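Here's a quick briefing for anyone opening this structure for the first time. Have a look at it below, then read on for a tour by topic.

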Amino acid sequence: MNNFDVIEEILKNAVRCLTVKRGRFYADKNFGSKIQASQSNAEILAFARQSVDKLDGVFVKSAVKNKNSVTFVLTVNGEERSVTADFD
């Protein structure tokens, strides 16, 4: 597996952490986030950082709200990437 594939897999895991409602994953009630589309950018950023805190090498740099989605800028092992996640 090359570096690009590793980063892509880590990004997929980060999106899972960001989009699963915290407390709804039966195996780990602390998995996921408390992000809601109605929250401010600052609240979303704080909850996003909390949700990926156990992913080694991942940091949420910023979060920008769109209508029903949020675009996150993440650093993964020092490389910057963006992902968009939908929230209802």
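**A first look**

K61 counts as partly exposed, because its relative accessibility is 44%, and partly exposed is the band between under 20% (buried) and over 50% (exposed). Keep in mind that this is a predicted model. K61 is a handy place to start, since its side chain meets that of E80 in a salt bridge. From there we can move on to the other salt bridge, the aromatic rings, a buried serine and the chain as a whole.

**Salt bridges**

- Searching the whole structure turns up two salt bridges.
- One of them joins the side chains of E80 and K61, with N and O 2.7 Å apart.
- That pair ties together distant parts of the chain: E80 sits in strand 3 (residues 79–86) and K61 in strand 1 (residues 58–65), 19 residues apart.
- E80, like its partner, is partly exposed, at 46% relative accessibility.
- R81 makes a salt bridge too, this time with E79, and their closest N and O atoms are 3.2 Å apart.
- R81 has a relative accessible area of 23%, so it goes down as partly exposed.
- E79 comes in at 29% relative accessibility and is also partly exposed.

**Aromatic rings**

- How many aromatic pairs are there? The count comes to three.
- The rings of F25 and Y26 make a tilted pair, because their planes stand at 45° with the centres 5.6 Å apart, and tilted covers whatever is neither under 30 degrees (stacked) nor over 60 (edge-to-face).
- F25 is partly exposed, with a relative accessible area of 35%.
- Y26 counts as exposed, because its relative accessibility is 71% and the cut-off for exposed is over 50%.
- F25 also pairs with F31: the centres are 5.2 Å apart and the planes are at 50°, so this pair is tilted as well.
- F31 has a relative accessible area of 22%, which makes it partly exposed.
- Put together, ring pairs link F25, Y26 and F31 into a cluster.

**A buried serine**

- S51 belongs to helix 2, which covers residues 41–51.
- Is S51 buried or exposed? S51 is buried, because its relative accessibility is just 8% and buried means under 20%.
- Leaving aside residues up to four places away in sequence, S51 touches C17, L18, G32 and S33.

**The whole chain**

- The protein chain has two helices and three strands.
- Reading from the N terminus, those elements go α-α-β-β-β.
- What radius of gyration does the protein chain have? The value is 12 Å, which agrees with the figure near 12 Å for a compact globule of 88 residues.
- Taken along the principal axes, the C-alpha atoms fill a box of roughly 40 × 30 × 15 Å.
- Of the 88 residues in the protein chain, 32% are buried.
- If you look at contacts between residues at least 6 apart in sequence, 30% of them join residues at least 24 apart.
- The protein chain exposes about 5500 Å², and carbon and sulfur atoms supply 49% of that area.

Definitions and conventions: Residues numbered from 1 in each chain as written. Predicted model: local features only at pLDDT ≥ 70, side-chain atom pairs only at ≥ 80, totals over all residues. Heavy atoms only, no water. Helix = DSSP H or I, 4+ residues; strand = E, 2+ residues; numbered from the N terminus. Buried < 20%, exposed > 50% of the residue type's maximum accessible area, 1.4 Å probe, protein only. Contact = heavy atoms within 4.5 Å. Salt bridge = Lys/Arg side-chain N within 4 Å of Asp/Glu carboxyl O. Phe/Tyr/Trp six-rings, centres within 6.5 Å; stacked < 30°, edge-to-face > 60°. Rg over C-alpha atoms; globule rule 2.2 N^0.38 Å. Areas by Shrake-Rupley, 256 points an atom, 1.4 Å probe, with all protein chains shown as cover.
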